[in-house]
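Thank you all for coming, and please have the sequence and the structure open while I talk. I will go slowly and stay with what can be read from the coordinates.

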Amino acid sequence: MNKQSKGMAKVERYYENYGSRARELSAEGKKVIGYVCSFAPLEMITASGCIPFRLRGDIHEPITKGDTLLETIVCPYYRSCFDLAVKHRYEFLSGMVIPHACDSMVRSFSVWSYSLNLPYFQFVNTPSVVKDSSFEFFNEELKTYKKSLEEFVGKKITDDDLAGAIQLHNENRNKARAVYEFRKPDPPLITGQELAKTLLACSSLPIEESNRLLDEVLEEVGQRKKSPLGKGPRILIDGACIDNAELAGLVEDLGASVVADTICNGSRDYWPKVDEKKPPIEALADRYLDKLNCPKTYRENKTGNFEEDIKARFADIGFTAKEFQVDGAIIYLYRYCDPFGFEVPARKAYYELIHVPLLHLEDLYSAGTIGQLRTRIQAFLEMIG
Amino acid sequence: MEYYAGIDIGSTMTKAVILAEEIVASVIGPTGPEHRRLANKVMEEALRRAGLALESITYIISTGYGRINVPFADKQVTEISCHARGVGSLFPQARTVIDIGGQDSKAITIDANGRPTNFIMNDKCAAGSGRFIEVIADSLGVKLEEMGDISLRSTHPAKISNICTIWAQQEVAARLAEGVPVPDLVAGIHEALADRVARMAKRLKVEKEVVLTGGGAKNKGLLKALSEQLGCEILVPPEPLITGALGAALLGKDIVQKALKSGKRPETKKRTLEEAKLH
Amino acid sequence: MAEEQKKRKKRKTATKAAASIGPMVKESITSTIRAREEGKQKIAYTFIVCQHDEILRAMDIVPVWTENYSGICGAKRDAERFLQRAESLGFSRSLCTYALCGLGFDQWREELGEMPPDAPWGGQVRPDFMISSGQILCDPRSKWYQAAQQFMPDVPIYNIDLPYPLFDPKRDHREVWGYYHRYIVKELRGLVSFLEEQTGKKMDYDRLRELVDLGDRTWNLIHETYELRRAVPCPMGTGDAMNTMVPMCFMMGTQEAYDFYLDLNKELKEKIARGEGEVEEEKYRLLWGGGLPAWYALNDFNYFNSKGASFPAETTYRMVVPLYEMDIPETNDPIEHLAWRWLGYWTFWYEKARKRPGSEPDVERLIQYIEDYKIDGVVMHEAFSCRTWHVGLIWQLHQLAKIYKPIPVLVLGKEGKKEKKQRELPSLVLESDIIDITSYSEVDTRNKIDAFIETLESLRRARAA
């Protein structure tokens with residue numbers, strides 16, 4: 001294998017054998033802390049000397065044992081993660097952090113905690129509004145979270161530990177953002193599938209290894225002269241957690257390129273950074289309360305005007321669509337997703353406002369149903385093509 | 001003379017159209033469980049009726065649920081674009097196409113050139129498709145083709161409150177036991193399906209003229225119920241099953257003519273009328 | 001449709017108090033329409049269980065409980081057209097159907113500039129402002145009004161965040177509730193400022209203090225009144241409680257609510273003295289252990305009754321606990337007290353749950369009710385569209401069965417000898433929705449109920465002496 005192809009081959013390996021590195025590290029005595037949502041403050045885990053690990057579901061694995069413990073009205077993605085966890089796919093975990101994101105997470109917290117029975121299990125109560133009072137509260141809540149980790153690892157987390165972790169995670173975000181740059185040429189130099197796999201692989205590694213992997217990917221893709229894709233419509237994927245490359249694969253198989261996203265396993269999580277000039281806890285509060293743009297966080301409409309409201313709430317979509325020159329967007333949501341589901345008409349109105357054609361897909365998180373989306377996606381591409 | 005063919009492999013029926021300036025042949029045959037493999041039989045039949053050899057077809061487009069893996073097609077296009085193009089050619093004033101097929105249904109808004117501007121599909125639930133009527137016909141012991149006419153004899157259509165096919169089946173059985181006349185039940189079932197399809201269509205902006213295609217368009221009871229639900233007259237093509245295949249053939253023609261204008265022959269596949277290779 | 005509705009008989013209630021609720025709710029809806037016409041009071045869309053009832057009443061705000069109106073549409077079996085309208089706007093039918101029904105209704109009313117045709121009970125009036133609460137309880141609550149602003153952009157929202165510490169078996173919640181309290185107090189004071197701005201009036205804190213005191217007394221009175229249902233036979237079941245929840249949820253902080261429970265208390269005592277039960281011959285005592293009811297199918301409670309089953313207790317809509325058993329600091333500030341009452345309510349079962357391994361607050365509450373109310377079986381309802389109240393129910397039943405086996409039975413052991421064993425309580429999970437009637441099958445539900453009753457019966461026979 002030549003040096004140039006090292007990065008993507010590694011990505012592929014980590015993506016296919018998801019969690020293999022965390023399993024090794026756990027066998028060496030390292031403590032791996034799982035999380036499922038972008039609201040879990042990872043810097044704290046890194047600062048405590050533990051390894052943050054993002055759980056994935058598996059669209060190819062039917063949900064079985066999980067359904068005997070958890071209602072089927074829970075978000076199907078989250079149900080799949082839970083099913084894999086109770087089927088010991090992630091037996092190497094020492095603990096988990098579950099943030100207050102959506103009802104599916106909050107209401108099933110006890111089910112997870114009792115079913116997995118891990119030594120460390122922590123809920124982080126992220127406020128659902130952004131005001132001075134919620135910042136004060138969240139600062140305190142982060143201190144409680146910090147204390148819980150300190151008790152778990154048996155050592156203090158200093159401000160220096162935190163500053164170091166923040167720096168490493170920011171570096172990770174910078175590098176991830178640099179990978180997105182390869183999406184800008186037409187056709188893009190990196191496929192949507194490759195980028196999805198890269199970021200997923202990264203979320204299964206300790207932050208330093210994740211940074212190194214990104215360096216290798218940047219180097220490899222940087223040497224490409226030609227796009228792996230043909231010229232086709234440039235698509236933005238809008239949605240929540242999409243923890244596999246199948247949707248991007250389907251879109252690209254139909255002749256389009258995935259060049260941008262707003263998803264949790266993408267720009268929602270990887271772009272916003274922590275302000276390194278602020279005191280660490282405050283800076284974390286700022287990022288995890290205000291900078292993550294998820295519908296879970298209520299943002300007040302101060303203008304009394306609907307158009308102004310959606311321009312403010314979805315501005316990031318507009319910027320991204322412009323920056324990456326998208327020709328169309330796909331909102332891909334799971335059934336039972338209340339936070340995103342209640343925004344669909346407003347999001348549709350926003351896409352009309354910015355003149356980006358939109359396809360709305362509701363899915364069940366399963367390989368079988370993704371295939372069924374083929375006709376819709378193909379028809380949409382024919383329509384905008 | 002240039003000839004174009006469209007082949008539409010639906011979930012229950014396979015349709016083929018061969019076109020020159022006008023339709024020269026069309027065939028409708030059952031799809032069956034081996035639909036993908038047997039698409040060649042329907043194509044052969046269409047060629048036979050047109051009196052043409054495969055080599056004399058300039059361009060072939062496959063569409064429909066089984067469009068992928070048709071070995072002799074030069075291109076595959078979704079039924080959305082094909083229905084839009086087919087209906088647009090038959091009714092230039094059409095702005096909405098509703099297709100009720102055996103396993104799915106869809107609504108498409110189209111522009112004056114027969115291009116889709118928006119669409120919506122239901123393929124995840126039997127209750128929104130022809131399958132709904134089929135299941136009920138079966139449990140009532142009535143022939144599927146007679147359902148529409150039976151429903152027109154109803155004086156007081158029964159209200160079927162369950163949308164789920166299985167529950168609706170239970171409900172029909174219960175109402176039958178209560179003594180509700182069969183025509184009222186059948187009319188109720190048609191209203192329930194029409195209601196579901198109309199609701200789906202209303203998620204788009206339904207504009208006139210509205211054209212109904214697919215097997216559902218052959219059912220007079222459904223047509224009446226749907227037209228009431230949408231509050232407008234609904235047009236039906238002379239042969240509502242072939243608009244997809246017709247659209248496919250027309251899109252092929254568009255491609256060829258565009259290529260010829262720029263002085264090139266369109267890229268086509270080397271084709272033989274062989275069975276599709278299944279994985 | 002209208003004709004079919006009329007044909008449905010009025011549901012039979014055990015108590016006069018429950019029977020009086022229908023007209024009361026109707027009047028409360030009519031009064032909001034009157035208030036809109038008179039224009040003297042400000043009207044607010046809002047949600048129950050936000051600990052702000054007394055604040056609203058002290059400021060003379062007319063609350064419109066939007067979940068209630070959707071429930072009414074559901075109970076009248078007339079929610080479908082509003083749900084369909086929401087669906088046609090692009091909302092998924094898998095979302096909270098209260099919110100979908102409300103959004104469908106509001107969009108229609110705004111489009112027409114008047115109430116939609118034949119709106120149940122005159123319709124839901126346009127608000128002057130909306131007070132939502134994301135809490136930690138319910139996502140749709142913080143998304144619903146935001147979505148409604150698409151067709152009412154001029155109606156402002158105040159969103160109160162009211163978190164509480166989640167249960168952690170290893171940690172005393174009182175370690176953290178200080179900063180929770182500070183936050184909630186700020187949120188509630190923020191609400192007061194918002195209301196002052198909207199009404200142009202200042203809050204009268206003496207009045208607020210009085211109303212909070214009235215509210216506290218009502219909490220205690222409700223608790224004491226519901227505890228009367230421990231009597232055998234049980235004088236009032238969950239079917240009735242789904243009516244008597246109305247003052248508790250929609251009229252707190254009013255004298256009317258207090259008086260209602262005084263009357264109910266009196267009526268129950270009289271029935272107990274007469275030995276009058278909800279059902280004539282009480283055979284089984286069941287606990288409604290979780291889930292909001294299917295509002296269009298409250299008759300299922302009467303069906304249970306017809307089989308000799310009564311429901312002396314329910315966890316649903318029992319949104320009070322006795323103040324005198326709450327372990328919360330004393331304060332003279334009514335806002336601070338409201339914040340403590342909120343925390344006291346949500347953490348009420350924490351201490352007990354920590355003491356029993358494998359337990360947790362909701363399970364602890366089930367056990368307490370099972371013992372206090374001499375319960376033979378647990379029934380739950382899983383409403384597909386609501387994650388807030390319906391996730392974790394299966395697990396609660398699992399956990400309950402694991403840690404709590406109150407029924408002694410004789411079983412054939414080794415060598416054919418009879419052995420005494422402890423068995424868990426039987427349970428039943430019904431599946432449907434709060435207002436989406438298309439998810440409901442009466443045949444299916446009643447089959448399940450029949451089978452459950454047979455289980456209870458065979459267990460009764462097997463019960464060791």
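Let me begin in chain B, where strand 2 (residues 13–19) and strand 3 run antiparallel and are joined by 7 bridges. Before I go further, please keep in mind that this is a predicted model, and that everything I describe is computed from it.

Within that pairing, if you look for B:Val17, you will find that its bridge partner in strand 3 of chain B is B:Ser26, while B:Lys15 stands opposite B:Ile28 in strand 3 of chain B. The connection between strand 2 and strand 3 of chain B is a hairpin, with 3 residues between the two strands.

On the other side of the story is strand 1 (residues 3–9) of chain B, which pairs with strand 2 of chain B in the antiparallel sense over 6 bridges. Here B:Val17 appears again, this time as the bridge partner of B:Gly6, and strand 1 of chain B is also joined to strand 2 of chain B by a hairpin, through 3 residues.

Stepping back to the sheet as a whole, we have 5 strands of chain B forming an open sheet in the order 3-2-1-4-5, with mixed pairing. Its edge strands are strand 3 (23–30) and strand 5 (75–76) of chain B, each of which pairs on one side only.

Now, is strand 2 of chain B enclosed by the rest of the structure, or open to the outside, and why? Of its 7 residues, 7 are buried, and therefore strand 2 of chain B is largely enclosed by the rest of the structure. In a regular strand, side chains alternate between the two faces of the sheet. In strand 2 of chain B, that gives B:Met13, B:Lys15, B:Val17 and B:Leu19 pointing one way and B:Thr14, B:Ala16 and B:Ile18 pointing the other way, and all of them are buried. For those of you who think about side chains at the bench, please note that B:Lys15 belongs to this buried set.

Let me place this in the wider chain. Chain B is divided into domain 1, which covers 3–82 + 242–261, and domain 2, which covers 94–235. The centres of the two domains of chain B, taken over C-alpha atoms, are separated by 27 Å. Where they meet, 6 residues of domain 1 of chain B are in contact with 8 residues of domain 2 of chain B, and the domain 1 side of that contact has 1 nonpolar, 5 polar and no charged residues.

I turn now to chain C, whose secondary structure comes to 19 helices and 10 strands. Its C-alpha trace spans about 80 × 55 × 45 Å along the principal axes. For 465 residues, a compact globule would have a radius of gyration near 23 Å, and chain C has 23 Å, so the two agree. Buried residues make up 52% of the 465 residues in chain C, and, of the contacts in chain C with a separation of 6 or more, 76% come from residues 24 or more positions apart.

One strand of chain C deserves a closer look, namely strand 5 (residues 284–290), where 7 of the 7 residues are buried, so that this strand is largely enclosed by the rest of the structure. Strand 5 of chain C pairs with strand 6 (residues 309–314) of chain C in the parallel sense over 4 bridges, and in that pairing C:Trp288 stands opposite C:Glu314. Between these two strands the chain crosses through helix 13 (residues 299–306) of chain C, and this β-α-β crossover is right-handed. Strand 5 of chain C also pairs with strand 7 (residues 377–383) of chain C, again in the parallel sense over 4 bridges, and there C:Leu286 stands opposite C:Gly377.

Finally, how many residues does each chain bring to the contact between chain A and chain C? The contact takes 47 residues from chain A and 47 residues from chain C. Several helices of chain A each supply at least two residues of that side, including helix 5 (103–107), helix 14 (306–313) and helix 17 (344–353), but the largest share, 6 residues, comes from helix 7 of chain A. By class, the side of chain A that touches chain C has 22 nonpolar, 13 polar and 12 charged residues.

Key. Residues are numbered from 1 along each chain as its sequence is written. Chains are lettered from A and ligands numbered from 1 in the order in which they are written. This is a predicted model: local features need pLDDT of at least 70, side-chain atom pairs count only at pLDDT 80 or more; totals for chains, interfaces and linings use all residues. A residue is buried if 20 or more other C-beta atoms lie within 10 Å of its own, exposed if 12 or fewer, and partly exposed in between; C-beta atoms are placed from the backbone. Two strands pair if DSSP finds at least two bridges between them. A crossover is right-handed if, with the strands pointing away from the viewer, the path from the first strand over the helix to the second runs clockwise. Domain bounds come from an automatic or database domain assignment. Two residues are in contact if their C-beta atoms, placed from the backbone, lie within 7 Å. Ala, Val, Leu, Ile, Met, Phe, Trp, Tyr, Cys and Pro count as nonpolar, Asp, Glu, Lys and Arg as charged, and the others, Gly among them, as polar. The radius of gyration is taken over C-alpha atoms; the globule rule is 2.2 Å times the number of residues to the power 0.38.
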